[in-house]
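Trainee: I should like to learn how contacts, burial, helix crossings and backbone angles are read from a model. May we take them in turn?

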Amino acid sequence: MENLAVEKRFVVSSSPHVRSPETVQKIMIDVLISLVPAVVVAAVFFREQAIIPIVICLVAAMATEFLLVRKGIFSDGSAAVTGVLLALTLPPGSAWWMCVIGAVSAIILGKYVFGGLGSNIFNPALVGRAVLLASWGGRMTDWLSPVDLKSAATPLAEPGQAALVDLFTGNVAGSLGETSAIALLIGAAYLLYKGHINWRIPGGYIGSALIMGTLLTAGGFGFDINMGLFHVLAGGLLLGALFMATDMVTSPVTPNGQLIFGIGCGVLTMLIRIYGNFPEGVTFAILIMNALTPIIDNATRPRFYGEVKK
């Protein structure tokens, strides 16, 4: 598997060169730091039902990458990020073997079948979640309420019924990392401060979802700003918009492309939620837009000076 290693040999041209102090490992450590608030809130609300799946996903993802490339158990840190993100998309108390299968699928199918980090097309954590969702749909929708850990339905099962303040603080049933909006926003603020993400993808994603949630209902058109806010705060929309759609490998690099990508994610998520068979649409929306990223980049690339439009 040595040919699957992350490291590649590049031909370097003559100077001048621009050197950046940033490394992949430093960026991944910052992403892990940004996920700490969501992990802490999940641990407080769901206790061992959150801690055990997070640890298993983290270890399984890192061990899988170590077996493939043998460059240290932490390596560049991307496997650790994939493991934690995958865990945050799982219901509390997920079985250990589901965590392992999801993490192994994320690393192998989501990353290394394409050649490793930088060559993967789809967000690895979402690939792992999609495998679990397609294989064990019932277990992936088996929710617990925070603190008392009783069986409960996700707020998306009854749109508009949950209080917005509960969705903001996290006092609702849901996946480990999607319940608390404020924890996700604190983490995203850190990534914005460090310059690892910008406003375009999250802004396009959240803005389009807010508009569609406000104006559309299952029966037709309407206007309800509370429903728009509900769709933004409920489910995994914020987790996807802030931490998965912004994956720098699988999202466009051009500014206009990033905005189009974010809007596309928001539109697809809302179409699936309102008119589809799934109450949640974040996973499939981001994966579909990941597949369109090369087309978006090509369509929005800046024109060279003097280039004639074809």
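Mentor: Let us begin with contact, which means heavy atoms within 4.5 Å. Please keep in mind throughout that this is a predicted model.

Trainee: With that cut-off, which residues is Ile286 in contact with, leaving aside its neighbours within four places in sequence?

Mentor: Ile286 is in contact with Leu126, Tyr205, Gly240, Met244, Ala245 and Cys265, once its neighbours within four places in sequence are left aside. Ile286 also belongs to the largest nonpolar core, which has 74 residues. Within that core, Leu88, Tyr205, Phe243 and Ile286 touch the most other members.

Trainee: What general idea stands behind such a core?

Mentor: In soluble globular proteins, nonpolar side chains tend to be buried together.

Trainee: How is burial read for a single residue? Is Ala87, for instance, buried or exposed?

Mentor: Buried means under 20% relative accessible area. Ala87, found in helix H3 (residues 78-88), has a relative accessible area of 0% and is therefore buried. Beyond four places in sequence, Ala87 touches Pro53, Ile54, Cys57 and Leu176. The C-alpha atoms of Ala87 and Cys99 are separated by 7.3 Å, the two residues being 12 apart along the chain.

Trainee: Where does Ser105 lie, and is Ser105 buried or exposed?

Mentor: Ser105 has its place in helix H4 (residues 96-108). Its relative accessibility is 10%, so Ser105 counts as buried. With neighbours within four places in sequence left aside, the contacts of Ser105 are Gly110, Val127, Gly128 and Val131.

Trainee: What does the same reading give for Trp143, which lies in a strand?

Mentor: Trp143 lies in strand E1 (residues 143-144), and a relative accessible area of 9% makes Trp143 buried. Leaving aside neighbours within four places in sequence, Trp143 is in contact with Pro91, Lys150, Ser151, Ala152, Ala153, Thr154, Ala173, Gly174 and Ser175. Trp143 and Gly93 are 50 residues apart in sequence, with a C-alpha to C-alpha distance of 8.7 Å.

Trainee: Let us turn to pairs of helices. How do helix H1 and helix H2 cross?

Mentor: One reads the distance between the axes together with the angle. The axes of helix H1 (residues 24-46) and helix H2 (residues 48-69) come within 6 Å, crossing at roughly 135°. H1 and H2 are therefore oblique to each other.

Trainee: Which residues of H1 and H2 meet?

Mentor: From H1, Val39, Ala42, Ala43 and Phe46 meet Glu48, Gln49, Ala50, Ile51 and Ile54 of H2. The residues of this contact divide into seven nonpolar, one polar and one charged.

Trainee: How is the pairing of H8 with H9 to be read?

Mentor: Helix H8 (residues 200-215) and helix H9 (residues 225-233) have axes that come within 7 Å and cross at roughly 140°. Angles over 145 degrees count as roughly antiparallel, and the angle here makes H8 oblique to H9. H8 passes H9 in a right-handed crossing. Ile206, Leu210, Gly213 and Thr214 in H8 meet residues of H9, namely Ile225, Met227, Gly228, Leu229, His231 and Val232. The contact of H8 with H9 comprises six nonpolar, four polar and no charged residues.

Trainee: What surrounds Leu233, which lies in helix H9?

Mentor: Leu233 is buried, its relative accessible area being 15%. Apart from neighbours within four places in sequence, Leu233 is in contact with Leu164, Leu167, Phe168, Glu178, Ala181 and Leu238. Leu233 and Met140 are 93 residues apart in sequence and 20 Å apart in space, taken C-alpha to C-alpha.

Trainee: Finally, how should one read the sign of phi?

Mentor: Most residues other than glycine have a negative phi. In this model, Arg47 has a phi near 50°, a positive value in a residue other than glycine. Arg47 lies in the loop between H1 and H2, and its relative accessibility of 38% is why Arg47 counts as partly exposed.

Trainee: What is the phi of Val147 near, and where is the place of Val147?

Mentor: The phi of Val147 is near 70°, again a positive value in a residue other than glycine. Val147 has its place in the loop between E1 and strand E2 (151-152). With a relative accessible area of 48%, Val147 is partly exposed.

Methods. Residues are numbered from 1 along each chain as its sequence is written. This is a predicted model: local features need pLDDT of at least 70, side-chain atom pairs count only at pLDDT 80 or more; totals for chains, interfaces and linings use all residues. Side-chain values use heavy atoms; hydrogens and water are left out. Axes are lines fitted to C-alpha atoms, for helices over the stretch in contact, and angles run from 0 to 180 degrees between N-to-C directions. Helices (H or I, at least four residues) and strands (E, at least two) are DSSP runs, numbered from the N terminus. Angles under 35 degrees count as roughly parallel, over 145 as roughly antiparallel, 65 to 115 as roughly perpendicular and the rest as oblique. A crossing is left-handed if the near helix is turned anticlockwise from the far one by less than a right angle, and right-handed if clockwise. Ala, Val, Leu, Ile, Met, Phe, Trp, Tyr, Cys and Pro count as nonpolar, Asp, Glu, Lys and Arg as charged, and the others, Gly among them, as polar. A nonpolar core is a set of buried Ala, Val, Leu, Ile, Met, Phe, Trp, Tyr and Cys residues joined through side-chain atoms within 4.5 Å. Buried means under 20% relative accessible area, exposed over 50%, partly exposed in between (1.4 Å probe, protein chains only).
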